[in-house]
Amino acid sequence: MDLLRHLPLKRKLTVITVLTSCIALVVACLALGAYEQMNIRHRLVNDLATTAAMTGANSTAGLTFNDPTAVEQTLKSLAAQPRIVRACVYGKDTRPFALYQRTTEKRSLLSPPARRAGHRFTNASLEMFQAITLEGEAIGTIFLETDLEELNASLWRYVVVLGGLLVICS
């Protein structure tokens, strides 16, 4: 505060007003950024849940008739969605029934142990397990994993736009 001590009152008021405005603008940008991230994550979860439901529904015949080839063909259709890293359909006994992995993926094709329905974010992906049902009876589980490149790209665009806005407003 020694810097402001020797300034005239008019200049002190100007500095305090500018600092207060900048702090309010930074807080507002941080709040908008957090809200935007929450919305993007929610949308990613909904999109993946829809994909899991459709893929699971298309896998019911293969699970019912114990035809892993048919289920693998269904999982191969996930190649049309480049965000999907890997997928697995588990039978009623929770053992892997059919697997899919994006062709550009370097790691080995291992399926995680089957879990209850739900999703979780990791550092690099969103993982989702969802029950596959036929006439109200659970006949299997589907696992989907998607990368977070879309989330990261959106957040970086948001940071650049808000950073530019902060510089312009300052």
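Are R86 and E145 buried or exposed? Both R86 and E145 are buried, where buried means under 20% relative accessible area, exposed means over 50%, and partly exposed covers the range in between (1.4 Å probe, protein chains only). The structure is a predicted model, in which local features need pLDDT of at least 70 and side-chain atom pairs count only at pLDDT 80 or more, while totals for chains, interfaces and linings use all residues. Residues are numbered from 1 along each chain as its sequence is written, and side-chain values use heavy atoms, with hydrogens and water left out.

It is convenient to begin with the sheet, to which this pair belongs. Helices (H or I, at least four residues) and strands (E, at least two) are taken as DSSP runs and numbered from the N terminus. Five strands make up an open sheet with antiparallel pairing, in the order β2-β1-β5-β4-β3; two strands are said to pair if DSSP finds at least two bridges between them. The edges are held by β2 (96-101) and β3 (118-121), each of which has a single partner strand, so one side of each is left without a neighbour in the sheet. From one strand to the next, the twist averages 15 degrees. Angles here run from 0 to 180 degrees between N-to-C directions, and axes are lines fitted to C-alpha atoms, for helices over the stretch in contact.

Within this sheet, strand β1 (residues 84-90) pairs with strand β5 (residues 137-147) over six bridges in the antiparallel sense. One residue of that pairing is R86, whose bridge partner in β5 is E145. Helix α4 (residues 68-76) lies across β1, β2 and β5 and runs at about 30 degrees to β2.

Attention then turns to the charged side chains. A salt bridge is counted when a side-chain nitrogen of Lys or Arg is within 4 Å of a carboxyl oxygen of Asp or Glu, and by this rule the count comes to nine salt bridges. The backbone partners R86 and E145 also meet through their side chains, in a salt bridge of 2.3 Å, N to O. This pair links distant parts of the chain, with R86 in strand β1 and E145 in strand β5, 59 residues apart. Strand β5 contributes to a further salt bridge, between R102 and D147, with the closest N and O atoms 2.9 Å apart. Here R102 sits in the loop between β2 and β3 and D147 in strand β5, so that distant parts of the chain, 45 residues apart, are linked. R102 and D147 are both buried.

A salt bridge with partly exposed partners joins two helices. The side chains of E150 and R43 meet at 2.9 Å, N to O. Because E150 lies in helix α5 (residues 149-169) and R43 in helix α2, the pair ties together parts that are 107 residues apart in sequence. E150 is partly exposed at 24% relative accessibility, and R43 is partly exposed at 34%. Both residues belong to a network of salt bridges that links R43, D47, R83 and E150.

Helix α2 itself offers a simple check of geometry. The expected span of a helix is 1.5 Å times one less than its number of residues. For the 50 residues of α2 (residues 9-58) this gives 74 Å, and the end C-alpha atoms are 73 Å apart, which agrees. Several residues of α2 are buried, among them C29, G33, I40, L44 and L48. For C29 the relative accessibility is 8%, whereas C22 counts as partly exposed at 26%. With a disulfide defined as a pair of cysteine sulfur atoms within 2.5 Å, the count comes to zero disulfides.

Helix α3 (60-64) includes T60, a residue that counts as buried at 13% relative accessibility. Leaving aside neighbours within four places in sequence, T60 is in contact (heavy atoms within 4.5 Å) with I132, T133, L134 and I139. By contrast, T60 and R157 are 97 residues apart in sequence and 40 Å apart in space, C-alpha to C-alpha.

Two loop residues complete the description. N66, in the loop between α3 and α4, has a phi near 55 degrees, a positive value in a residue other than glycine. N66 is exposed, at 57% relative accessibility. In the loop between β4 (125-134) and β5 lies E135, whose phi is likewise near 55 degrees, a positive value for a residue that is not glycine. E135 is exposed, with a relative accessible area of 81%.
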